[in-house]
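Please work through the exercises below with the sequence and the coordinates open beside you. Each task is followed by a solution that goes step by step.

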Number of protein chains: 2
Amino acid sequence: MAETVRRAPSGAAVLRPQITATITEAVLDALAEHGYARLSMEAVAKRAGVGKSALYRRWPSKQDMVIAVLSGLSVPLAEVPDTGSLREDLLATLRAVCTWLTHPRMATILPDLTAEAARNPALAEAIQATIGEPRRTLAAITLRRAIDRGELPTDLDLELALDLLAAPLYWRLSVRQAPLEPDYLDQLADHLLRALNATPQDR
Amino acid sequence: MAETVRRAPSGAAVLRPQITATITEAVLDALAEHGYARLSMEAVAKRAGVGKSALYRRWPSKQDMVIAVLSGLSVPLAEVPDTGSLREDLLATLRAVCTWLTHPRMATILPDLTAEAARNPALAEAIQATIGEPRRTLAAITLRRAIDRGELPTDLDLELALDLLAAPLYWRLSVRQAPLEPDYLDQLADHLLRALNATPQDR
């Protein structure tokens, strides 16, 4: 525990961003190669070429380290620009989900983490709090903008709508490992627009 | 019934169904407890109270054994009766997916197997061939019946429609570990009917 004390910037042990970045890469490599269960702080430190104390100065535990690294990578990928049109926003969101799921290493890491979470309630809760919910909050912004523009009904079932944005791609890419046909995202966007009772727009 | 022995014509090595059933339970227990990677033929044999030869007489490898057990449990769960109405058929299908995903032990086994498949292409292929595709074939029957009745368009995107039947529930139950609100399946069925361009029916 004493290792986690953060010293003032004037002190010797400041957290250097370059080292954090190196450790982050080592965590992602180790997760992809060995999975969460077999990942050890020792192995990550060795891979990053740092001492274990460099890890513990940043994160109090393996779970905190993994969650911080994956959240830092996953949440920004859920930010999509406001295109002014629901269909384009949906397509941007679906493309962003694809980018996330097919990100080098994430294609292995996410199913592994999901499996681990099914055995480890504390990990499951941390994943939802730091990855799942922040990603849903960002996606909800897109849907609320469409409600404000009159493109989606005001009584939209937001929880179900948010499930539908990520679920088909996770199922196809991460569970079934099936390829996306060239027009899959367009077709999916059209199915979602109908599912959500979107108002047809002139284009 | 359980003690029935099917005798081979020669009367030599026969496969007793009761032993197969005991081994099947041991495989499911071992998968749920330890996961695919750490499952060994020795551990399953010990748990079932049989010799390893009893396993190898039935299946040539660990992968064949696991796939046969999971396929035997998963594929029959995808059979739903013909209710004569697409909405009722969809609800029956969605309920059957829930039963599968929340089956004791499957809630742990399926995410674990998905994670393992992301690292093991041969396993991934076997899972799709013996579990994924047969389940989709059964679900497609339901959708084709609805096309024949005029409830779904003849140019239905069957591949995408099949994804939509399983994906939201896998995402919610197995990935997010979120509960189903009491009306979730009804709401989901209505979203799917719109997504698939179903013809509204008088009821």
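The exercises that follow concern a predicted model, and they go from the contact between chains to one helix and then to salt bridges.

**Exercise 1. Describe the extent of the contact between chain A and chain B, and find which three residues of chain A supply the most buried area.**

Step 1. Begin with the residues in contact, of which 42 come from chain A and 42 from chain B.

Step 2. Turn next to the area buried between chain A and chain B, which is about 3600 Å², with 58% of it given by carbon and sulfur atoms. Arg119(A), Trp171(A) and Arg176(A) supply 19% of the area that chain A buries against chain B, which is more than any other three residues.

Step 3. Add the polar side of the contact: there are 15 residue pairs in polar contact between chain A and chain B, counting pairs with both residues at pLDDT 80 or more. The elements of chain A that give two or more residues to the side touching chain B are H1, H6, H7, H8 and H9, and of these H8(A) gives the most, with 12 residues. Sorted by class, this side of chain A has 21 nonpolar, 10 polar and 11 charged residues.

**Exercise 2. Characterise helix H1 of chain A by its span, its buried residues and what these pack against.**

Step 1. Compare the span with expectation: H1(A) has 18 residues and reaches 25 Å from its first C-alpha to its last, close to the 26 Å expected at 1.5 Å a residue.

Step 2. List the buried residues of H1(A), which are Ile23(A), Ala26(A), Val27(A), Leu28(A), Ala30(A), Leu31(A) and Ala32(A). When reading such a list, recall that an α-helix has 3.6 residues a turn, so residues three or four places apart point the same way.

Step 3. Identify the partners: the buried residues of H1(A) pack against H2, H3, H4 and H6 of chain A, and also against H6 of chain B.

Step 4. Look past the end of the helix, where H1(A) is followed by Gly35(A), a residue with a positive phi near 85 degrees.

**Exercise 3. Determine which residues of chain B form salt bridges with Arg176(A), and whether Arg176(A) is buried or exposed.**

Step 1. Place the question in context: the rule finds eight salt bridges across the interface of chain A and chain B, while the count over all chains comes to 34.

Step 2. Find the partners of Arg176(A). One is Asp163(B), with N and O 2.9 Å apart, and this pair crosses from H8 of chain B to the loop between H8 and H9 of chain A. Another is Glu133(B), whose closest N and O atoms with Arg176(A) are 3.7 Å apart.

Step 3. Judge the burial: Arg176(A) has a relative accessibility of 10% and Asp163(B) one of 0%, so both fall under the 20% cut-off and count as buried.

Step 4. Note also a network of salt bridges that links Glu133(A), Arg136(A), Glu159(A), Asp163(A), Arg172(B), Arg176(B) and Glu181(B).

**Exercise 4. Examine the salt bridge between Arg105(B) and Asp29(B), and state how far apart in sequence the joined parts are.**

Step 1. The side chains of Arg105(B) and Asp29(B) meet at 2.7 Å, N to O.

Step 2. Arg105(B) lies in the loop between H5 and H6 of chain B, whereas Asp29(B) lies in H1 of chain B, so the pair ties together parts that are 76 residues apart in sequence.

Step 3. Finally, take the accessibility of each partner: Arg105(B) is partly exposed at 22%, and Asp29(B) is partly exposed at 30%.

Conventions:
Residues numbered from 1 in each chain as written. Chains lettered and ligands numbered in written order. Predicted model: local features only at pLDDT ≥ 70, side-chain atom pairs only at ≥ 80, totals over all residues. Heavy atoms only, no water. Contact = heavy atoms within 4.5 Å. Buried area = accessible area lost by both parts, 1.4 Å probe. Salt bridge = Lys/Arg side-chain N within 4 Å of Asp/Glu carboxyl O. Polar contact = N/O pair within 3.5 Å; in protein donor to acceptor, adjacent residues only side chain to side chain. Helix = DSSP H or I, 4+ residues; strand = E, 2+ residues; numbered from the N terminus. Nonpolar A, V, L, I, M, F, W, Y, C, P; charged D, E, K, R; others polar. Expected span 1.5 Å × (residues − 1). Buried < 20%, exposed > 50% of the residue type's maximum accessible area, 1.4 Å probe, protein only.
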